[in-house]
Amino acid sequence: MPVAASAIYFLNLRGDVLINRLYRDDVGGNMVDAFRTHIMQTKEMGTCPVRQIGGCSFLYMRISNVYIVIVVSSNANVACALKFVVEAVVLFKSYFGGAFDEDAIRNNFVLIYELLDEIMDFGYPQNLSPEILKLYITQEGVRSPFSSKPSERAVPNATLQVTGAVGWRREGLFYKKNEVFLDIVESVNLLMSSKGSVLRCDVTGKVLMKCFLSGMPDLKLGLNDKIGLEKESQMKSRPVKSGKTIELDDVTFHQCVNLTRFNTEKTVSFVPPDGEFELMKYRITEGVNLPFRVLPTIKELGRTRLEVNVKVKSVFGAKIFALGVVVKVPVPKQTAKTSFHVTSGKAKYNASVDSIVWKIRKFPGQTEATMSAEVELISTTVEKKSATRPPIQMEFQVPMFTASGLRVRFLKVWEKSGYNTVEWVRYITRAGSYEIRC
């Protein structure tokens with residue numbers, strides 16, 4: 001739910017109201033007195049940015065020598081309110097020449113009232129982009145004598161910017177070669193028992209894009225997610241094609257994505273920013289394809305010797321290679337000497353991390369590698385305590401593989417001039433917290 005603010009106040013450090021705006025009639029005009037009495041005078045300003053007094057919540061932030069206070073009478077999104085305050089201050093600074101303090105507010109009462117009417121409607125945040133608002137609120141603020149002179153920039157088409165609300169992309173871009181680069185980058189988080197059973201597993205991923213496109217293109221991205229495929233089959237009155245589908249959890253999008261179209265059609269449609277940006281983030285907890293399985297065996301041979309055997313199996317396709325594979329096997333702090341035998345890569349003892357570090361530069365798919373090590377310990381008179389060993393940790397990167405099974409079904413680019421584009425898609429899976437108990 002958005003912030004649904006009832007009022008916003010700007011106070012100085014003494015608690016005097018510099019300027020305020022009431023958006024709803026569900027709070028009284030004297031609510032600022034409650035804030036001044038119960039919060040400012042009790043000197044609890046720095047402990048928490050949210051306070052509840054008499055059925056109302058006060059969300060506040062100090063910027064320079066000014067307190068900005070948002071009053072809400074219902075259960076509101078605190079993060080959204082504080083984000084609104086931060087972006088509003090950026091907007092004010094763009095008008096005031098980089099300064100935002102008590103003097104700047106006193107010198108720009110009329111302009112601030114006009115901006116407050118534009119950036120919030122009935123308590124709901126609206127467009128706070130300085131580039132767009134300056135197209136139709138052209139009044140200049142009274143600048144501080146210490147502020148820098150604003151740079152002269154070409155003014156884009158106001159009608160397109162305001163009605164289309166594309167504040168993240170300027171008009172008139174042109175490239176000789178129109179290209180789109182799309183990367184799906186995933187991190188696998190795993191906790192596995194010593195017998196190979198999965199105790200905890202999930203995948204966090206993000207879709208990164210780099211666009212070099214002319215004009216104002218409209219892009220549509222199709223993924224093999226379950227909801228999107230079912231919605232497409234309903235709209236086209238045909239059964240869902242066979243193949244793996246996945247369920248995306250906790251999906252968040254860049255502001256350029258058309259959420260209305262996503263809710264109705266379940267397709268990711270957007271006008272992209274120019275250059276590199278993060279299109280979306282997601283998480284998956286079911287149906288994870290683990291790239292590696294690790295089977296460790298550690299035997300204690302008396303009080304001063306350990307025998308370590310670790311077998312690593314790659315589960316991904318035979319035509320794929322993992323790069324930069326690192327296996328860290330923890331050993332006791334009193335390790336004196338180690339000897340190794342590996343079928344692939346190199347291993348050595350790293351005393352700084354109390355681990356045997358096994359590195360494999362290139363690990364083919366559908367293969368396995370083993371490491372055998374003998375560890376000699378320093379003999380101590382202290383009786384050994386039975387304690388849980390730290391888990392084995394892995395690092396790796398597998399190009400052209402996704403642990404979630406996410407795939408790009410299509411990436412369509414439409415622009416009114418009809419130019420041809422080149423699309424590049426890449427998949428990368430990395431180790432997040434990849435741990436195996438031993």
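Me: Where does Ser64 sit?
Reply: In this predicted model, Ser64 belongs to the loop that runs between β4 (56-63) and β5 (66-72).

Me: What is the phi of Ser64?
Reply: The phi of Ser64 is near 60 degrees, a positive value in a residue other than glycine. Most residues other than glycine have a negative phi.

Me: Where is Gln366, and what is its phi?
Reply: Gln366 lies in the loop between β19 (355-364) and β20 (368-377). Its phi is near 60 degrees, again a positive value in a residue other than glycine.

Me: How do Ser64 and Gln366 count in terms of exposure?
Reply: Ser64 has 46% relative accessibility and so counts as partly exposed. Gln366 has 51% and counts as exposed, because the exposed class begins over 50%.

Me: Changing topic to helix α2. What span should its 19 residues have?
Reply: At 1.5 Å a residue, helix α2 (residues 78-96) should span 27 Å, and its end C-alpha atoms are 27 Å apart, which agrees.

Me: What is found at the two ends of α2?
Reply: Asn77 caps the N-terminal end, with a side-chain oxygen 3.1 Å from the backbone nitrogen of Ala79. After the helix comes Gly97, whose phi is positive, near 80 degrees.

Me: Which residues of α2 are buried?
Reply: The buried residues include Ala81, Leu82, Phe84, Val85 and Ala88. Val89, Leu91, Phe92, Tyr95 and Phe96 are buried as well.

Me: Now the largest nonpolar core. How many residues has it, and which have the most contacts inside it?
Reply: The largest nonpolar core has 64 residues, and those with the most contacts inside it are Met209, Phe270, Leu279, Phe292 and Met394. Strand β8 (residues 179-192) gives the most to this core, with six residues.

Me: Which domains does this core lie between?
Reply: It lies between domain 2 (179-286 + 404-433) and domain 3 (292-379 + 389-399), because both give residues to it.

Me: What does Met394 touch?
Reply: Leaving out residues up to four places away in sequence, Met394 touches Phe292, Val294, Val312, Val325, Val326, Val327, Ala431, Tyr434 and Ile436.

Me: Which residues are among those of the other core?
Reply: Apart from the core of Met394 lies another, of 34 residues, with Phe84, Ile105, Leu111 and Met120 among them.

Me: On to charges. How many salt bridges are there in the whole structure?
Reply: A search of the whole structure finds 14 salt bridges. Asp218, Arg261 and Glu265 are linked in a network of them.

Me: What are the N to O distances in that network?
Reply: Asp218 and Arg261 meet at 3.8 Å, N to O. Asp218 is in strand β10 (residues 218-223) and Arg261 in helix α8 (residues 259-265), so this pair ties together parts that are 43 residues apart in sequence. For Glu265 and Arg261 the closest N and O atoms are 3.4 Å apart, and both residues lie in helix α8, four residues apart, about one turn of the helix.

Me: Which side chain joins Arg261 in a polar contact of 3.4 Å?
Reply: That is the side chain of Ser269, a residue in strand β12 (residues 268-270).

Me: Are Ser269 and Arg261 buried or partly exposed?
Reply: Ser269 is buried, with a relative accessible area of 2%, whereas Arg261 is partly exposed at 24%.

Me: Finally, which residue forms a salt bridge with Arg389?
Reply: Glu300 does, with the closest N and O atoms 3.0 Å apart. The pair links distant parts of the chain, 89 residues apart: Arg389 is in the loop between β20 and β21 (392-399), and Glu300 is in strand β14 (residues 292-300).

Terms used: Residues numbered from 1 in each chain as written. Predicted model: local features only at pLDDT ≥ 70, side-chain atom pairs only at ≥ 80, totals over all residues. Heavy atoms only, no water. Core = buried A, V, L, I, M, F, W, Y, C linked by side-chain atoms within 4.5 Å. Buried < 20%, exposed > 50% of the residue type's maximum accessible area, 1.4 Å probe, protein only. Domains from an automatic or database assignment. Contact = heavy atoms within 4.5 Å. Expected span 1.5 Å × (residues − 1). Polar contact = N/O pair within 3.5 Å; in protein donor to acceptor, adjacent residues only side chain to side chain. Salt bridge = Lys/Arg side-chain N within 4 Å of Asp/Glu carboxyl O.
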